[in-house]
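Q: I should like to learn how to read the features of a protein structure. May we work through one together?

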Amino acid sequence: MTTVTTTSRRQGRGGRERILAAAAELFTAQGINATGMEQIAERAPVSKRTLYAHFRAKDELVLAHLKDLASAGLTLEGALGREEVSARERVLALFDPLPAGTDPVRGCPFIDAAVEFPDPRSAVHSYARERKLLMVRLVADLVTEMGCRRPAVLAEQLVTLADGAASRAMVLGEADYGRHARTAAETLLDNALSATD
């Protein structure tokens with residue numbers, strides 16, 4: 001009688017999605033540089049051959065991970081597209097507490113990735129920069145909609161507050177750290193909008 005050995009690796013379709021899901025989980029838990037490709041393959045579960053068929057190098061996987069987060073609206077700027085709320089509330093949503101049970105508390109994934117890929121010519125760093133510039137444009141559009149006369153300046157101030165709050169939330173492990181920056185953001189908005197009256 002022949003014994004058939006089963007493997008823990010899942011066969012068939014969905015390998016790319018499993019790889020991205022495993023990468024997201026591991027990158028969040030331990031950081032990008034601390035996560036190895038072999039560890040991602042094991043968590044997915046896929047063979048290393050399948051992993052490298054989808055992503056030839058780790059930076060390709062990191063870039064796909066960031067694009068996946070952005071397209072799913074799972075980043076700070078994701079709050080800016082919620083058309084069911086006012087422009088002001090969308091801007092202030094940048095400072096909302098993270099969902100309960102978010103552990104570990106992570107800052108902005110684009111800032112995290114740019115730190116771990118410091119060469120500004122790298123594809124990961126370039127994409128992170130692109131997303132941060134997009135965030136400023138989105139905020140500028142919203143404050144323009146509110147009637148602000150100097151939207152570019154106000155947008156830079158608000159985005160700087162949001163990024164700073166996200167970074168401090170991560171460092172301090174406080175999911176609701178944004179409450180401090182929200183108060184400052186409300187003051188900035190009130191002052192900018194009262195100047196337009």
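**Reading a helical chain**

A: Let us begin with a residue and its surroundings. Not counting residues up to four places away in sequence, Arg182 touches Glu89, Leu92, Phe95 and Asp96. Please keep in mind that this is a predicted model.

Q: Where in the chain does Arg182 lie?
A: Arg182 belongs to helix 9, which covers residues 178-194. A separation in sequence and a distance in space are two separate readings. Arg182 and Leu134 are 48 residues apart in sequence, and their C-alpha atoms are 20 Å apart in space.

Q: How many helices and how many strands are there in the chain?
A: The chain has nine helices and zero strands. Read from the N terminus on, its elements run α-α-α-α-α-α-α-α-α. The C-alpha trace spans about 85 × 35 × 30 Å along its principal axes.

Q: How should one read a pair of aromatic rings?
A: A pair of aromatic rings is described by the distance of the centres and the angle of the planes. A search of the whole structure finds one such aromatic pair. The ring centres of Phe110 and Tyr127 are 6.1 Å apart and the planes stand at 75°, so the pair is edge-to-face; the cut-off for that label is an angle over 60 degrees.

Q: Which parts of the chain does the pair link?
A: The pair links distant parts of the chain, with Phe110 in helix 6 (residues 109-116) and Tyr127 in helix 7 (residues 123-145). The two residues are 17 residues apart.

Q: Are Phe110 and Tyr127 buried or exposed?
A: Both Phe110 and Tyr127 are buried. In addition, Lys67 lies over the face of Tyr127, at 5.6 Å from the ring centre.

Q: Why is Asp163 classed as it is, buried or exposed?
A: The relative accessible area of Asp163 is 14%, so this residue counts as buried, the cut-off being under 20%. Asp163 is found in helix 8, residues 151-172. Leaving aside neighbours within four places in sequence, Asp163 is in contact with Leu76, Ile111, Lys132 and Met135.

Q: What do the totals for the chain tell us?
A: Of the 197 residues in the chain, 40% are buried. Among contacts with a separation of 6 or more, 67% are between residues 24 or more positions apart. The accessible surface comes to about 11,200 Å², and 52% of this belongs to carbon and sulfur atoms.

Q: How many positive and negative side chains does the chain have?
A: There are 25 positive and 26 negative side chains, and the centres of the two sets lie 6 Å apart.

How values were computed: Residues are numbered from 1 along each chain as its sequence is written. This is a predicted model: local features need pLDDT of at least 70, side-chain atom pairs count only at pLDDT 80 or more; totals for chains, interfaces and linings use all residues. Side-chain values use heavy atoms; hydrogens and water are left out. Rings of Phe, Tyr and Trp (its six-membered ring) pair if their centres lie within 6.5 Å; planes under 30 degrees apart count as stacked, over 60 as edge-to-face and the rest as tilted. Helices (H or I, at least four residues) and strands (E, at least two) are DSSP runs, numbered from the N terminus. Buried means under 20% relative accessible area, exposed over 50%, partly exposed in between (1.4 Å probe, protein chains only). A charge sits over a ring if NZ of Lys or CZ of Arg is within 6 Å of the ring centre and within 35 degrees of the ring normal. Contact means heavy atoms within 4.5 Å. Accessible areas come from the Shrake-Rupley method with a 1.4 Å probe; for residues, only the protein chains shown count as cover. Lys and Arg count as positive and Asp and Glu as negative; His and the chain ends are not counted. The place of a charge is taken as NZ of Lys, CZ of Arg, CG of Asp or CD of Glu.
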